[in-house]
Amino acid sequence: MNLRVLLLFFLSVGCGFSQDGGRKHSYTIDANPFYGSIILHNPDISHLISEHPTGLILGYNRKTFGLEDWQQWYNYPDLGASYIYQDTNNATLGRTHGLYAHFNFYFFKRNLQFRIGQGVAYATNPYDRETNFRNNAYGSRLLSSTFMMFNYYKENIYKNLGFKAGISIVHYSNANVRAPNTSTNTLAFNAGLVYMLEGAETEYIKREKEKITEPIKYNLIFRTGINESDNIGHGQYPFYIFSGYADKRVGRKSAIQLGTDVFFSNFLKELIRFQSISFPENNVAADTDFKRVGLFIGHELFINKLSIGTQLGYYVYYPFDFEGRLYNRFSLKRYFGEKVFGVISLKSHGAAAEAVEFGIGIRF
């Protein structure tokens with residue numbers, strides 16, 4: 001259910017992209033077949049890496065020309081949506097269909113395109129205790145998915161047709177919403193065509209770059225969701241996270257953060273009880289506190305009403321050992337006005353995901 005909310009979040013972001021004062025824009029579509037390999041990031045999925053995945057990445061892109069200041073800051077990126085079909089050519093893993101919101105960023109006189117997208121994927125053959133117990137990568141049908149493309153890019157080589165080619169990385173995981181969740185990462189080579197749709201193309205607008213300064217801002221966030229321990233069948237439990245931090249803008253694009261998190265992760269209650277009974281040699285008491293408190297530093301990258309956050313934290317209150325004291329968080333934030341925002345975060349310990357967090361906050 002949470003991943004469906006994730007899709008709605010990105011659809012709302014996309015709707016925000018489409019509103020730009022009623023002006024006309026230029027659009028492109030692209031189709032990119034790919035062929036690749038699943039990267040062995042964990043020996044537990046070695047039995048699933050038997051063939052080379054194939055698939056198709058479709059993209060719909062809207063160009064920007066500097067009608068808003070942030071577009072010039074990022075060298076006039078594209079805003080768009082993608083669909084990815086992947087056939088793993090492995091009966092256990094099955095196939096995936098994904099929908100994404102994405103940005104295209106350009107470098108080297110717009111000959112190199114970097115696309116990054118986030119969205120939701122549907123797995124056709126996830127783990128099932130009776131019929132598909134070997135699929136320990138996907139514990140649910142709905143998966144959180146991220147992809148990146150690094151492509152040579154050239155438009156209008158022949159009339160409205162262009163060409164692109166390069167490498168792509170596609171990640172699938174449900175972030176421990178349901179166990180198992182070993183996840184997969186596909187590294188692929190792609191090549192395809194770009195078609196320029198009819199539109200009112202505009203010259204790039206260049207403005208004098210203004211310095212942005214702000215006083216220290218304070219943020220309060222409430223996050224929640226459900227997740228499960230790595231032990232299959234332990235059940236899904238809600239969690240609640242209360243966060244407060246200060247941030248300081250250090251330019252047009254960035255702010256640095258310093259703050260604290262208080263975690264109420266109910267899946268740890270069940271894990272503590274299980275270990276106290278099943279593994280007495282670990283000396284875990286059944287009444288061990290499941291709460292955790294962390295301090296973190298972070299960075300926020302502002303892209304119009306959307307921002308990307310990265311945080312590195314350390315548990316200062318840590319009564320039960322779960323994946324170590326260090327944790328990290330990757331966030332997508334959407335501002336609604338000057339103060340209120342919605343946020344979706346992936347919290348993990350290194351490469352081991354713990355939860356997808358859905359939150360609402362205020363910056364004042």
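Helices and strands here are DSSP runs (helices of at least four residues, strands of at least two), numbered from the N terminus. The model in these close-ups is predicted.

**View 1. K63 sits in a loop and touches E155.**
Start with the loop between β2 (54–62) and α2 (69–73), where K63 is found. Is K63 buried or exposed? Buried means under 20% relative accessible area, and K63 has a relative accessible area of 5%, so K63 counts as buried. Its side chain isn't alone in there: a polar contact of 2.6 Å joins the side chains of K63 and E155.

**View 2. Strands β1 to β8 close into a barrel.**
Here eight strands go round in the order β1-β2-β3-β4-β5-β6-β7-β8 and close into a barrel, with antiparallel pairing. From one strand to the next, the twist averages 25 degrees. For a bit more detail, look at β5 (residues 112–123) and β6 (residues 142–158), which run antiparallel and are joined by eleven bridges. Which residue of β6 is the bridge partner of R115? That would be M149. As a reminder of what holds such pairs, strands of a sheet pair through backbone hydrogen bonds, either parallel or antiparallel.

**View 3. Strands β9 to β16 close into a barrel too.**
Eight strands close up in the order β9-β10-β11-β12-β13-β14-β15-β16, and the pairing is antiparallel. The twist here averages 25 degrees from one strand to the next. Take β9 and β10 as a sample pair: how many bridges do they pair over? Eleven, in the antiparallel sense. Along that pairing, L220 stands opposite G244 in β10.

**View 4. Nonpolar side chains make a surface patch.**
I216, Y218, L220, F222, Y240, F242, F336, V340, I360, I362 and F364 together make a nonpolar surface patch of about 1,000 Å². Which elements give two or more residues to the patch? They are β9 (217–227), β10 (237–249) and β16 (352–363). Three residues come from β9, and that is the largest share of the patch. I216 has its place in the loop between β8 (184–196) and β9. With a relative accessible area of 46%, I216 is partly exposed. Patch residues need over 30% relative accessible area, and at 46% I216 is therefore past that cut-off.

**View 5. The loop between β7 and β8 holds two backbone oddities.**
Most residues other than glycine have a negative phi, and most peptide bonds are trans. Now look at the peptide bond from A179 to P180: it is cis, with omega near 0 degrees. P180 is found in the loop between β7 (161–173) and β8. S183 is also found in the loop between β7 and β8. What is its phi near? The value for S183 is near 75 degrees, which is positive in a residue other than glycine. S183 is tucked away as well: with a relative accessible area of 8%, S183 is buried.

**View 6. E323 has a positive phi.**
Move on to the loop between β13 (306–317) and β14 (326–336), where E323 is found. Phi of E323 is near 65 degrees, a positive value, and E323 isn't a glycine. Is E323 buried or partly exposed? Its relative accessibility is 39%, so E323 counts as partly exposed.

**View 7. E214 takes part in a salt-bridge network.**
How many salt bridges does the structure hold? There are 14. In this view, E214, D247, R249 and R363 are linked in a network of salt bridges. E214 forms a salt bridge with R249, and their closest N and O atoms are 3.6 Å apart. That pair links distant parts of the chain, since E214 lies in the loop between β8 and β9 while R249 is in strand β10, 35 residues apart. Both E214 and R249 are buried. E214 also forms a salt bridge with R363, the closest N and O atoms being 2.9 Å apart. Here the distant parts of the chain are the loop between β8 and β9, home of E214, and strand β16, home of R363, 149 residues apart. At 7% relative accessibility, R363 counts as buried.

**View 8. E354 and K347 meet in a salt bridge.**
The salt bridge here joins the side chains of E354 and K347, at 2.6 Å from N to O. Are the partners buried or exposed? E354 has a relative accessible area of 3%, so E354 is buried. K347 is buried as well, with a relative accessible area of 1%.

Conventions
Residues numbered from 1 in each chain as written. Predicted model: local features only at pLDDT ≥ 70, side-chain atom pairs only at ≥ 80, totals over all residues. Heavy atoms only, no water. Patch = residues over 30% accessible without salt bridge, like charges linked within 9 Å, V, L, I, M, F, W, Y side chains within 5 Å. Areas by Shrake-Rupley, 256 points an atom, 1.4 Å probe, with all protein chains shown as cover. Salt bridge = Lys/Arg side-chain N within 4 Å of Asp/Glu carboxyl O. Buried < 20%, exposed > 50% of the residue type's maximum accessible area, 1.4 Å probe, protein only. Pairing = 2+ DSSP bridges. Axes fitted to C-alpha atoms, helices over the stretch in contact; angles between N-to-C directions. Polar contact = N/O pair within 3.5 Å; in protein donor to acceptor, adjacent residues only side chain to side chain.
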